[in-house]
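The following report concerns one protein chain. Its subjects are aromatic contacts, sheet architecture and burial.

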Amino acid sequence: MSHTHRIQWFDQQVRTGRYPNSRSLAEQFEISKRQAQRDIEYMASSLCAPLQYVARERGYCYEDDSFILPYLYMTDQEKQILKYLAYRYSQYNYENGPEIRRIGHLLGRLTGQQELEREARLPLFAVNPRSLQMFELLDHAIRSRITVKLIYDGTDGELELCPIRLENHYDADHLIARPADQQAGQPRYYLLSSILQLQLTGQHFADGPAPGSRPETGRRLKPFTARLRLSAPPPDGHWHGFPARLCSGDLYEVDFLDTELFIRHLLMTDWLELTGPKWLQDKVAARCRTVLHLLNPEEPNK
């Protein structure tokens with residue numbers, strides 16, 4: 001149970017005059033009293049809840065009954081973008097660097113309620129579908145310890161790498177990875193903008209330190225959804241790194257942000273049927289017709 005549900009329950013108990021405390025919160029959700037007290041302190045410090053402890057009732061009430069709990073729910077798409085922005089802010093090393101990195105950590109904790117210091121002006125980062133899609137796929141590969149195959153600008157052939165982590169240097173995102181065929185190969189930096197093609201292999205690698213979870217991060221960017229029939233259930237709720245949800249039988253909904261990158265994945269991977277949407281079917285069909293025409297230039301390109 002997330003702390004969001006615990007906070008909402010505690011808020012409801014306060015409003016109904018039941019004077020909840022850390023003990024009742026801990027018993028309700030089967031957590032420690034220390035964790036429960038941290039939730040209460042979070043409400044007071046981060047959500048600015050006007051909590052007042054009433055010794056006679058051994059519990060809390062609101063000093064101001066007009067207080068409204070901030071909107072705490074966040075969609076998966078908003079979390080994906082919040083993850084990316086927290087990663088960028090937490091690695092910022094220029095003007096007002098310490099303040100902005102602190103803001104990145106706050107975003108990573110999904111608070112978003114504390115006021116920013118006046119001196120710390122946030123830099124603007126462009127969040128486009130391709131960079132966000134690339135970040136999401138690589139982040140999944142890093143956390144799941146899955147090797148990736150990529151075509152890199154200026155390099156001949158395909159590279160198979162073990163992704164280690166993502167870093168930002170000089171306002172550019174880099175993937176730190178080592179060759180998959182070298183157990184102790186020296187990690188190298190790969191500029192994300194120079195990755196021309198990326199594919200998750202599904203092959204796991206186990207050596208090296210387990211990466212920590214990335215902070216979550218945002219601004220809403222709604223994904224597209226493809227409907228695919230697959231021959232086997234995708235592991236961990238992801239189909240080659242793209243979030244996938246079961247609809248019925250072998251039909252899955254697969255979310256993606258960058259159309260061009262997703263079409264490349266469709267052309268490189270196995271699937272049974274693309275049932276929708278119609279505009280995506282048309283784009284894939286047009287791409288296939290183009291390839292067929294290149295193979296048979298004498299045939300009319302209908």
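Trp-279 is partly exposed, with a relative accessibility of 33%; buried denotes under 20% relative accessible area, exposed over 50% and partly exposed the range in between, computed with a 1.4 Å probe and protein chains only. The model is predicted, so that local features require pLDDT of at least 70 and side-chain atom pairs pLDDT 80 or more, while totals for chains, interfaces and linings use all residues. Residues are numbered from 1 along each chain as its sequence is written, and side-chain values use heavy atoms, leaving out hydrogens and water.

**Aromatic pairs**

A pair of aromatic rings is described by the distance of the centres and the angle of the planes. Rings of Phe, Tyr and Trp (its six-membered ring) pair if their centres lie within 6.5 Å; planes under 30 degrees apart are stacked, over 60 edge-to-face, and the rest tilted. The structure holds 11 such pairs. Two that involve Phe-224 are tabulated here.

| Pair | Centre to centre | Angle between planes | Class |
|---|---|---|---|
| Phe-224 and Phe-256 | 5.5 Å | 35° | tilted |
| Phe-224 and Trp-279 | 5.2 Å | 65° | edge-to-face |

The pair of Phe-224 and Phe-256 links distant parts of the chain, since Phe-224 lies in strand 8 (residues 224-229) and Phe-256 in strand 11 (residues 251-256), 32 residues apart. Helices (H or I, at least four residues) and strands (E, at least two) are DSSP runs numbered from the N terminus. Phe-224 is partly exposed at 36% relative accessible area, whereas Phe-256 is buried at 1%. The pair of Phe-224 and Trp-279 also joins distant parts of the chain: Trp-279 belongs to helix 8 (residues 278-295), and 55 residues separate the partners. Ring pairs further connect Phe-224, Trp-239, Phe-242, Phe-256, Phe-262 and Trp-279 into a cluster.

**The five-stranded sheet**

Strands 8 and 11 belong to an open sheet of 5 strands with antiparallel pairing and the order 9-10-11-8-12. Two strands pair if DSSP finds at least two bridges between them. Strand 9 (238-239) and strand 12 (273-276) form the edges, each pairing on one side only. Between strand 8 and strand 11 there are 6 bridges in the antiparallel sense, and Arg-229 has Leu-251 of strand 11 as its bridge partner.

Helix 7 (residues 259-268) lies across strands 8, 9, 10 (242-248), 11 and 12, running at about 10° to strand 8. Helix 8 packs on the sheet as well, touching strand 8, strand 11 and strand 12, and its direction makes about 140° with that of strand 12. Contact here means heavy atoms within 4.5 Å. Axes are lines fitted to C-alpha atoms, for helices over the stretch in contact, and angles run from 0 to 180 degrees between N-to-C directions.

**Strands 1 and 2, and helix 2**

Strand 1 (residues 51-54) pairs with strand 2 in the antiparallel sense over 4 bridges, and Leu-51 has Tyr-62 as its bridge partner in strand 2. This hairpin has 4 residues between the strands, and Arg-58 takes a positive phi near 55°. From strand 2 (residues 59-62), Gly-59 and Cys-61 point one way and Tyr-60 and Tyr-62 the other way, all of them buried.

Ser-22 lies in helix 2 (residues 22-29) and is buried at 12% relative accessibility. Neighbours within four places in sequence aside, Ser-22 contacts Lys-33, Ala-36, Gln-37 and Ile-40.

**The whole chain**

The chain has 8 helices and 12 strands, and buried residues make up 43% of its 302 residues.
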